[in-house]
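Got the viewer open? Keep the selection box handy, and let's take a walk through this fold one stop at a time.

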Amino acid sequence: MQWETVIGLEIHAQLSTQSKIFSGSATTFGAEPNTQASLVDLGMPGTLPVLNAEAVRMACKFGLAIDAEIAEKNVFARKNYFYPDLPKGYQTSQMDHPIVGKGHLDITLEDGSTCRIGITRAHLEEDAGKSLHEDFHGMSGIDLNRAGTPLLEIVSEPDIRSAKEAVAYVKAIHALVRYLGICDGNMAEGSLRCDCNVSVRPKGQAEFGTRAEIKNVNSFRFIEKAINHEVQRQIELIEDGGKVVQETRLYDPNKDETRSMRSKEEANDYRYFPCPDLLPVVIEQSFLDEVRASLPELPGQKRERFEREFGLSTYDASVLSASREMADYFEQVNATCGDAKLAANWVMGELSSLLNKEGLDIEQSPVTAEQLGGMILRIKDDTISGKIAKMVFEAMAAGEGSADEIIEKKGLKQVTDSGAIEAMLDEVLAANAEQVEQYRASDEAKRGKMFGFFVGQAMKASKGKANPGQVNQLLKKKLEG
């Protein structure tokens, strides 16, 4: 039997506000446990929440960016459940009246094709605290620094059909919230987390299968692996005569498997009701107009502009616009060197390779955009060849100065003097007289292979400094003259 996978994702993005959603406590990551939890966060009797207007603004930014309906009136509700890191005994969230309604996001897949993923809603809520299980001698500690941090929960439609599509969608959301400046997207610190709702059904069947929810997956790689494992588990279970039960599961990356955590709760299990301490939020059109005017160029818009303005391929434009920082770096390189295609090749090639090797983000690049652009200028004006440029790039990455300084200091300037190149070629041909005779006696097919030998000898003799174009042109003339 052929099976179809159905996936819906819930992404929790921590909003980059200076204070929490209902209190003035700081949201800085990494503070000493329980040093950033106020009486409001602790749920002490008599305290009242006050809504953070910046969280509302950030939610509206996201809604406008995905072309969603923004609710003129939205309401906060209490989601009741008991957990040690939830001191109030409920989470303040939104249920029936979320701030962001239906929208969509277009994603680009690895093969260059695009598809549209529907977004059901995005609502504001507060984060819970964190349970700590290390160094407590068999007990758990509770850190409430995170309690009350503003979250935007982004719920997709069940439109995703593979783990790779899921990863592409999460990457697109990740890029979007960073472009908007509403979330730093640091998955290692829990700033962006994903719950994956996964089910399978026989191909062609309209009805959805029973889904399992994989909670709090915090990396792109783990999202793909967790979904693939869960899909395989469900198919094998059904084909062996069993039934998938609706439940919450956890992904264990060490064993590359999902395991059952608890039976899946329904909305009525949480006894939602409107929060009596918070008034409905009314969003005026003038506020939305102001937020819309503040939106930056979004990833899709930037990709399209890179294709149109710089003549880049869809793939190259997608890679370069994947993060705001990468796009800014590329545009600065291009502004310096005036050659978008060369700039794209170097940013996506040598620079990205260096950053991956060193484990650095592009903001930490040891080679500045101006330095890279300056080096590309020296390639364009034939001061250095592409091969020598790699040596210059390595020296720049090691902190040895600008391209011009390194070229001067190391004597790397390309030889473009035709007379000097001709004299060097005469020496190479004289030293390889037998191969020259063989070349002249060979047919066109063999000559092509032998020509590479002479080019290699010439570049070796010039220590890589001879202009390759001139070497090829003059060598051909001498061999066939």
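A residue is called exposed here when its relative accessible area is over 50%. Keep that cut-off in mind for the first stop, and remember throughout that you're looking at a predicted model.

**Stop 1: a loop residue.** Select threonine 28, which sits in the loop between S1 and helix H1 (53–65). Because its relative accessibility is 54%, threonine 28 counts as exposed. Now add arginine 146 to the selection: it is 118 residues away along the chain, yet the two C-alpha atoms are 9.0 Å apart.

**Stop 2: the eight-stranded sheet.** Colour the strands in the order S5-S6-S9-S1-S10-S11-S12-S13, and you have an open sheet with mixed pairing. Strand S5 (103–108) and strand S13 (257–263) are at the edges; each has a single partner strand, so one side of each has no neighbour in the sheet. Look along the sheet and you'll find neighbouring strands turned by 30° against each other on average, ignoring direction.

Zoom in on the S13 edge. Strand S12 (residues 247–252) pairs with S13 in the antiparallel sense, over six bridges. To see one of the bridge pairs, pick aspartate 252 and its partner in S13, glutamate 257.

**Stop 3: the helices on that sheet.** Show helix H2 (residues 163–180), which packs on the sheet and touches S1, S5, S6, S9 and S10. The direction of H2 makes about 110° with that of S5. Then switch to helix H3 (residues 220–239), lying across S1, S10, S11, S12 and S13. H3 runs at about 30° to S10.

**Stop 4: the three-stranded sheet.** Next, select S4, S3 and S14. They form an open sheet in the order S4-S3-S14, with antiparallel pairing. Strand S4 (90–93) and strand S14 (273–274) are the edge strands, each pairing on one side only. Between strand S3 (residues 77–80) and S14 there are two bridges, and alanine 77 stands opposite proline 274 in S14.

**Stop 5: a glutamine in S4.** Is glutamine 91, in strand S4, buried or exposed? Buried: its relative accessible area is 7%, and the cut-off for that label is under 20%. Show the side chain, and look for the polar atom that lies 2.7 Å from the backbone oxygen of glutamate 126. Beyond its neighbours within four places in sequence, glutamine 91 is in contact with Ala77, Arg78, Lys79, Tyr81, Leu86, Glu125 and Glu126. Ala77 is the residue you just saw opposite proline 274.

Key. Residues are numbered from 1 along each chain as its sequence is written. This is a predicted model: local features need pLDDT of at least 70, side-chain atom pairs count only at pLDDT 80 or more; totals for chains, interfaces and linings use all residues. Side-chain values use heavy atoms; hydrogens and water are left out. Two strands pair if DSSP finds at least two bridges between them. Helices (H or I, at least four residues) and strands (E, at least two) are DSSP runs, numbered from the N terminus. Buried means under 20% relative accessible area, exposed over 50%, partly exposed in between (1.4 Å probe, protein chains only). A polar contact is a pair of N or O atoms within 3.5 Å; within protein, one must be able to donate a hydrogen and the other to accept it, and residues adjacent in sequence count only if both atoms are side-chain atoms. Contact means heavy atoms within 4.5 Å. Axes are lines fitted to C-alpha atoms, for helices over the stretch in contact, and angles run from 0 to 180 degrees between N-to-C directions.
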